[in-house]
Amino acid sequence: MTEGSGAKGDPQPLTDEARALGIDVDDPGALAWMEKHLPEVRGWASGQRPQYWILGIGFVMGLAAHVGGYLLRSSVTTEPLGLVADLLYSLGFALWTGVVLVFFVQIWPEAKRRQIRRSLEAYEAALREKARAGGDQASGDDQAPTAR
């Protein structure tokens with residue numbers, strides 16, 4: 001009566017999820033593009049690049065709002081526009097200084113941590129390589145006669 005979960009008419013759960021994300025799984029061109037650019041997409045998904053882009057955009061927008069608010073504040077004398085200019089000036093200042101703060105508190109220390117971790121891994125790999133070379137040399141020396 002009922003066929004198993006692999007019935008012909010049943011859509012695949014991953015296919016449904018891909019369609020929900022806007023990926024056309026029936027288009028061979030889209031699948032070929034995804035296969036060709038898979039390392040880049042994985043880098044974007046798992047790396048820090050989106051965070052860096054967001055911080056960069058926030059910094060530029062904050063600086064632009066800060067400068068725009070300053071210019072508007074210095075040229076406007078009426079009260080409602082003066083309030084808008086003050087708000088824009090304060091928002092821009094808070095935004096770009098917040099990005100600078102995040103950079104020095106979060107991004108830079110994390111980059112240094114990764115750099116130190118890579119250095120330690122390289123050092124440990126060099127020690128392992130040296131130990132292997134020493135072990136190979138010692139095992140070869142065991143068979144040679146020793147002179148006294």
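A salt bridge is a side-chain nitrogen of Lys or Arg within 4 Å of a carboxyl oxygen of Asp or Glu. A search of the whole structure, which is a predicted model, finds three such pairs.

One of them joins two helices. Aspartate 86 pairs with arginine 73, and the closest N and O atoms are 3.7 Å apart. Aspartate 86 lies in helix H5 (residues 79-141) and arginine 73 in helix H4, so the pair ties together parts that are 13 residues apart in sequence. Aspartate 86 has a relative accessible area of 35% and is partly exposed. Arginine 73 is at 36%, so this residue also counts as partly exposed.

Another salt bridge links arginine 113 and glutamate 110, with an N to O distance of 2.6 Å. These two residues are three apart in helix H5, which means that about one helical turn separates them. Arginine 113 is partly exposed, with a relative accessible area of 45%. For glutamate 110 the value is 23%, and this residue is partly exposed.

The remaining pair is arginine 132 with glutamate 129. Their closest N and O atoms are 3.2 Å apart. Both residues lie in helix H5, again three residues apart, or about one turn of the helix. Arginine 132 has 49% relative accessibility and counts as partly exposed. Glutamate 129 has 47% and is partly exposed as well. The cut-off for exposed is over 50% relative accessible area, so neither value reaches that class.

The chain as a whole is helical in its secondary structure. Five helices and zero strands were assigned. Along the sequence, the pattern reads α-α-α-α-α. The chain has 148 residues, of which 11% are buried. Its accessible surface comes to about 12,200 Å². Carbon and sulfur atoms account for 63% of that surface. Contacts were also sorted by sequence separation. Among those between residues at least 6 apart, 47% join residues at least 24 apart.

Helix H4 was examined further. This helix spans residues 49-75. H4 has 27 residues and reaches 39 Å from its first C-alpha to its last. That span is close to the 39 Å expected at 1.5 Å a residue. The buried residues of H4 are Leu55, Gly58, Gly62, Ala65, His66 and Gly69.

Histidine 66 lies in this helix. Its relative accessibility is 14%, so the residue counts as buried; the cut-off for buried is under 20%. The side chain of histidine 66 reaches the backbone nitrogen of phenylalanine 93 at 3.4 Å. Residues up to four places away in sequence aside, histidine 66 touches Leu88, Tyr89, Gly92, Phe93 and Trp96.

Glycine 62 is another buried residue of helix H4. Its relative accessibility is 0%. With neighbours within four places in sequence left aside, glycine 62 is in contact with Gly92, Phe93, Leu95 and Trp96. Gly92, Phe93 and Trp96 are therefore contacts of glycine 62 and of histidine 66, both of which count as buried. Glycine 62 and glycine 98 are 36 residues apart in sequence. In space, their C-alpha atoms are 9.1 Å apart.

Helix H4 also holds residues with greater access to the surface than the cut-off for buried allows. Phenylalanine 59 is in H4 and, at 30% relative accessibility, is partly exposed. Tyrosine 70 is found in helix H4 too. At 46% relative accessibility, tyrosine 70 counts as partly exposed. The C-alpha atoms of tyrosine 70 and leucine 88 are separated by 8.2 Å. Along the chain, the two residues are 18 apart.

Phenylalanine 59 and tyrosine 70 belong to a nonpolar surface patch. The other members are Val60, Leu63, Val67 and Leu71. Together these residues make a patch of about 530 Å².

Key:
Residues are numbered from 1 along each chain as its sequence is written. This is a predicted model: local features need pLDDT of at least 70, side-chain atom pairs count only at pLDDT 80 or more; totals for chains, interfaces and linings use all residues. Side-chain values use heavy atoms; hydrogens and water are left out. Helices (H or I, at least four residues) and strands (E, at least two) are DSSP runs, numbered from the N terminus. Buried means under 20% relative accessible area, exposed over 50%, partly exposed in between (1.4 Å probe, protein chains only). A polar contact is a pair of N or O atoms within 3.5 Å; within protein, one must be able to donate a hydrogen and the other to accept it, and residues adjacent in sequence count only if both atoms are side-chain atoms. Contact means heavy atoms within 4.5 Å. Patches are made of residues with over 30% relative accessible area and no salt bridge: like charges are joined within 9 Å, nonpolar side chains (Val, Leu, Ile, Met, Phe, Trp, Tyr) within 5 Å. Accessible areas come from the Shrake-Rupley method with a 1.4 Å probe; for residues, only the protein chains shown count as cover. The expected span of a helix is 1.5 Å times one less than its number of residues.
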